[in-house]
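This report concerns a single protein chain. Please inspect the sequence and the structure shown below before reading on.

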Amino acid sequence: MKCTVGIAFLLATAAIARAQSPDPALMSEIRKIRAIDNHSHPPRVVGSGESDDEFDALPCDPLEPTLPNTVTRPENPQYLAAWKALWGYAYDDQSDAHLKELIATKNKIRQEQGDNYPAWVLDRLGIDMEFANRVAMGRGLDAAHYRWVPFDDALLFPLNNEALAAETPDRKFFFSREDKLLARYRRELGVQSMPGTLAEYESRVVTPELERQKKDGAIAIKFEAAYLRSLDFEPASERDASATYAKFAHGGLPAKQEYTHLQDYLFRYMAAEAGRLGLPVHIHTGAGCGGYFYLTGSNPMLLESVLNDERLRKTTFVLLHGGAGPFSREISFLLMKPNVYTDLSEQTWLETPHRLGEVLRDWIEWYPEKILFGTDLYPGSGAYDWEEIGWQTSQTGRQALGIALTGMVLDGEITVPRANKIARMVLRENALKLYRLTEQP
């Protein structure tokens, strides 16, 4: 009896151990899949003396520094693996001399590739197309490999934002960026001064800006609202929102409650317009950068009244980052709603493959057709730039997917052919279907 129990325990332990690592054959198939990256912040190609600060409407670098987590620290072995895979790095250390040689190699390839460099990087990451969250596209980000996802939070805050900016040091910087972006949108639309009524603001600024973005190639629109306010966009009356707008359109400081009501109204108006235009709405959920980030305000459950709004059934919502960190479990249940999707971006550089594998398994056991691959790659510097971050996040996402599917096969939940099919769905096919993209031959 003791022997039988011991054998059973060893077999169970072996199965668990296998589930911690993906099946080699399955991983071989996963690595072959040319992915579609649902969320990223790639830089454009710049010339000598140029810089690019349009890779994010709310960049984190100027904020008060916070400690990186273990996965994003330079000692992560995946960066060493990235250097070898991308640049042919011949060493097993990170000495100053070897890193100097690495950076020289990178610069040489950048110069050789020129405007083709961003596409060259994607090819080595195993990514066919990347959705670029940027204020505007730019040099090297060709439409064959990079599709535009513009930022529209600025349209939510048309009044005096001084009180909101004073809430935290982070928001002081962020609202300065949003004020400039709204002014830019108005300038590009030829609207010199703020319209006097909400109806005029909608007809002369909000709707034309969304239509301009669609015309200029936008594949979706993006909200980073959790950096600026809570995600609880409650039902709001047009009458009250119009009264607040008219009262403060040309000056004065609105009370927080009435300004929030206006933002709530505008968000739902914009979501409806996005649905009319066939533009999915991307919303940041979960952990964010900055030491003053309000984590409780980024809970995707706060969006439930929006997701349940019958007037928004024609609008598709993508809950970016899957509630990264504390709210990933809630995502499984929100995916039940017919117009809700999620992606694994950000978690690919916040979580280890094992931990992300647990998250992915939970989602896959619910709705595998609602999950999108994403890296959330972003510009860094030197030997730890967007190329290395892209390689690390892509590898983590693929390995986590392999771990999740291997565990499900071992537990008899799915067959091997079904596991291969789900891998293709998550990495590629779900995005093709959601964004109505044509499969390349």
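The sections that follow treat the sheet, the disulfide, a loop residue and the two pockets of a predicted model.

## The parallel sheet

Five strands form an open sheet in the order β4-β5-β6-β7-β8, and their pairing is parallel. The edges are taken by β4 (221-223) and β8 (371-372); each of these has a single partner strand, so one side of each lacks a neighbour in the sheet.

Strand β6 (residues 317-324) pairs with β5 in the parallel sense over five bridges. Two facing positions illustrate this pairing: His282 stands opposite Val318 in β6, and His284 stands opposite Leu320 in β6. With strand β7 (residues 340-343), β6 shares three bridges, and these two strands also run parallel. Here Val318 stands opposite Tyr341 in β7. The connection from β6 to β7 passes through helix α12 (residues 328-334), giving a β-α-β crossover that is right-handed.

How many of the residues of β6 are buried? Eight of the eight are, so the strand is largely enclosed by the rest of the structure. Buried here denotes a relative accessible area under 20%.

## The disulfide

A search of the whole structure returns one disulfide. Its partners are Cys60 and Cys289, whose sulfur atoms lie 1.8 Å apart. The torsion about the S-S bond of Cys60 and Cys289 is about -75 degrees, and the disulfide is therefore left-handed. The pair connects distant parts of the chain, 229 residues apart: Cys60 belongs to the loop between β1 and α3, while Cys289 belongs to the loop between β5 (281-286) and α11 (304-307).

Is Cys60 buried, exposed or something in between, and what is its relative accessible area? The value is 31%, so Cys60 is classed as partly exposed, given that this class spans the range between the 20% and 50% cut-offs.

## A loop residue

The loop between β1 (35-40) and α3 (77-87) also contains Pro65. Pro65 has a relative accessible area of 73% and is therefore exposed, the cut-off for that class being over 50%. The C-alpha atom of Pro65 is separated by 37 Å from that of Gln192, a residue 127 positions away along the chain.

## The largest pocket

The largest pocket has a volume of about 1100 Å³. Its lining comprises 38 residues, and those nearest its centre are Cys60, Asp61, Cys289, Trp349 and Tyr378. Both partners of the disulfide, Cys60 and Cys289, are thus named among the residues nearest the centre of this pocket. By class, the lining consists of 19 nonpolar, 11 polar and eight charged residues.

## The second largest pocket

What volume does the second largest pocket have? The space in this pocket amounts to about 420 Å³. It is lined by 18 residues, of which Pro43, Arg44, Val45, Val46 and Arg110 lie nearest its centre. The elements contributing two or more residues to this lining are α5 (117-125) and α15 (386-410). Sorted by class, the lining of the second largest pocket has eight nonpolar, four polar and six charged residues.

Conventions: Residues numbered from 1 in each chain as written. Predicted model: local features only at pLDDT ≥ 70, side-chain atom pairs only at ≥ 80, totals over all residues. Heavy atoms only, no water. Helix = DSSP H or I, 4+ residues; strand = E, 2+ residues; numbered from the N terminus. Buried < 20%, exposed > 50% of the residue type's maximum accessible area, 1.4 Å probe, protein only. Disulfide = S-S within 2.5 Å. Pairing = 2+ DSSP bridges. 1 Å grid on protein atoms, 1.4 Å probe; cavity = no way out; pocket = protein on both sides within 12 Å on 5 of 7 lines; lining within 4 Å. Points joined across faces, edges and corners; volume = space filled by probe spheres on them. Nonpolar A, V, L, I, M, F, W, Y, C, P; charged D, E, K, R; others polar. Right-handed = clockwise from strand over helix to strand, strands pointing away.
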